Amino acid sequence: RVKEHGKNNFQFYTPEMNETVTKKMQMEIGLRKALERNEFNVYYQPQIDVNSGKIIGVEALIRWQHPEWGPISPTEFIPLAEETGLIIPIGEWVLNEACRQNKDWQDQGFAPLRMAVNISSRQFKQSNLIDIVSKALDESGLNPEYLELELTESIIQDSKYAIETMHELKLMGIFLSIDDFGTGYSSLNYLKLFPIDSLKIDQSFTRNMFDDIKDAALVHTIISMAHNLDLKVIAEGVETKEQLQFLSQRECNEAQGYLFSRPVPAKEMTSIIKQQYTYG
Ligand code: C2E
Ligand code: MG
Ligand code: MG
Ligand code: MG
């Protein structure tokens, strides 16, 4: 979609190279304007307690709707936002919006849910992260125990700083989890050093559980390991009842995926919460 806008582009590279470079440049220009033009939206996906079948949390997932290019996936623009530093204002916007929305649900009288917000490693490393998180909580009035920050293993590169920051966030009462667990290349040593509450099993393992017994073994092992370390564990990408049953038998605490709901706009999430479907 971006490349359709190549009319005014310079042509001094090879066609393929030109296309890649300009697509990226165009997207960066678009991304710079997207916040002020109100092109971002936050979608929400429920997280289900495996035992009760009830929604106990929600993950906030950003969506970008460009007026001409249409919807652009976060897997496309988040890496560019990271690279350019635009993730800082964008991430702050998501955090504020997610906290505000969660408090709004509580004010409507629904049972409190935990709101999970993805924090990229560049955001995590920004020196005023604690201030930004405090501000989001203050301005929304959300109790910190209902905010979860999803971190990835990549923050471990600077582990001394990471441990300190995580301790500060824990002191504030925030719930911390490791997203896409099992896909990084870090040592397991950090699991005993980091004050985290939960592991999110990456969806690549969940997806292949019944095609590859090694994936099933890994899922089982991650669940056991999490429990032995006194951590909660949530499986991402749960699409079938069979997967849910497998997870339930192995005492996985929570599940998230298309089986329950795709990520949906706030309004739709509100009706899902209202109904509090009992899944499974
Ligand atoms: P993630 O945090 O691991 O989020 C889970 C992704 O899996 C989401 O993709 C979600 O829509 C998708 N998903 C959920 N259930 C299923 C399922 O059952 N099957 C399949 N195939 N997919 C499922 P999405 O929304 O496209 O986001 C992709 C990634 O972009 C996220 O992965 C996260 O790393 C990043 N991202 C999204 N929103 C934000 C944000 O606000 N800030 C930052 N820093 N990163 C974000
Ligand atoms: Mg996530
Ligand atoms: Mg993930
Ligand atoms: Mg991810």
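**Exercise 1. State whether glutamate 150 is buried or exposed, and find its role at the metal site.**

Solution. Step 1: the relative accessible area of glutamate 150 is 1%, so this residue is buried, the cut-off being under 20%. The model is a predicted one.

Step 2: Glu150 is among the protein donors of the magnesium ion (ligand 2), through OE. The other donors listed there are Glu59 (OE), Asn118 (OD1) and Asp179 (OD), and the distances run from 1.9 to 2.2 Å.

Step 3: along the sequence these donor residues follow the spacing E-x58-N-x31-E-x28-D. Glutamate 150 belongs to strand E5 (residues 147-151) and aspartate 179 to strand E6, so this pair ties together parts 29 residues apart in sequence.

**Exercise 2. Identify which residue coordinates both magnesium ions, ligand 2 and ligand 3, and describe the site of ligand 3.**

Solution. Step 1: the magnesium ion (ligand 3) is coordinated by Asp179 (OD), Asp180 (OD), Glu236 (OE) and Glu236 (OE), at 2.0 to 2.4 Å. The spacing of its donor residues is D-D-x55-E.

Step 2: aspartate 179 coordinates both ions, which are 4.2 Å apart.

Step 3: aspartate 179 lies in strand E6, while glutamate 236 is in the loop between strand E8 (232-235) and helix H10 (241-249); the pair therefore ties together parts 57 residues apart in sequence.

Step 4: check the accessibility of these donors. Aspartate 179 is buried at 6%, and glutamate 236 is buried at 7%. Aspartate 180 is partly exposed, at 27%.

**Exercise 3. Describe the backbone and surroundings of aspartate 180 and asparagine 38, two non-glycine residues with positive phi.**

Solution. Step 1: phi is near 50 degrees for aspartate 180 and about 60 degrees for asparagine 38.

Step 2: locate each residue. Aspartate 180 is in strand E6 (residues 175-181), whereas asparagine 38 is in the loop between helix H1 (15-34) and strand E1 (40-49).

Step 3: compare with the accessibility classes. Asparagine 38 has a relative accessible area of 63% and is exposed; aspartate 180, at 27%, is partly exposed.

**Exercise 4. Characterise the largest nonpolar core and the contacts of leucine 199.**

Solution. Step 1: this core has 80 residues, and Leu147, Leu149 and Leu199 have the most contacts inside it. Helix H3 (residues 87-107) gives the largest share, 7 residues.

Step 2: leaving out residues up to four places away in sequence, leucine 199 touches Ile178, Phe181, Leu191, Ile222, Met225, Ala226, Leu231, Lys232, Val233 and Ile234.

Step 3: set this against the general pattern. Nonpolar side chains tend to be buried together in soluble globular proteins.

Definitions and conventions: Residues are numbered from 1 along each chain as its sequence is written. Chains are lettered from A and ligands numbered from 1 in the order in which they are written. This is a predicted model: local features need pLDDT of at least 70, side-chain atom pairs count only at pLDDT 80 or more; totals for chains, interfaces and linings use all residues. Side-chain values use heavy atoms; hydrogens and water are left out. A nonpolar core is a set of buried Ala, Val, Leu, Ile, Met, Phe, Trp, Tyr and Cys residues joined through side-chain atoms within 4.5 Å. Buried means under 20% relative accessible area, exposed over 50%, partly exposed in between (1.4 Å probe, protein chains only). Helices (H or I, at least four residues) and strands (E, at least two) are DSSP runs, numbered from the N terminus. Contact means heavy atoms within 4.5 Å. Donors are N, O and S atoms within 2.8 Å of the metal (3.2 Å for Na, K and Ca); water is not among the atoms, so sites may look incomplete.
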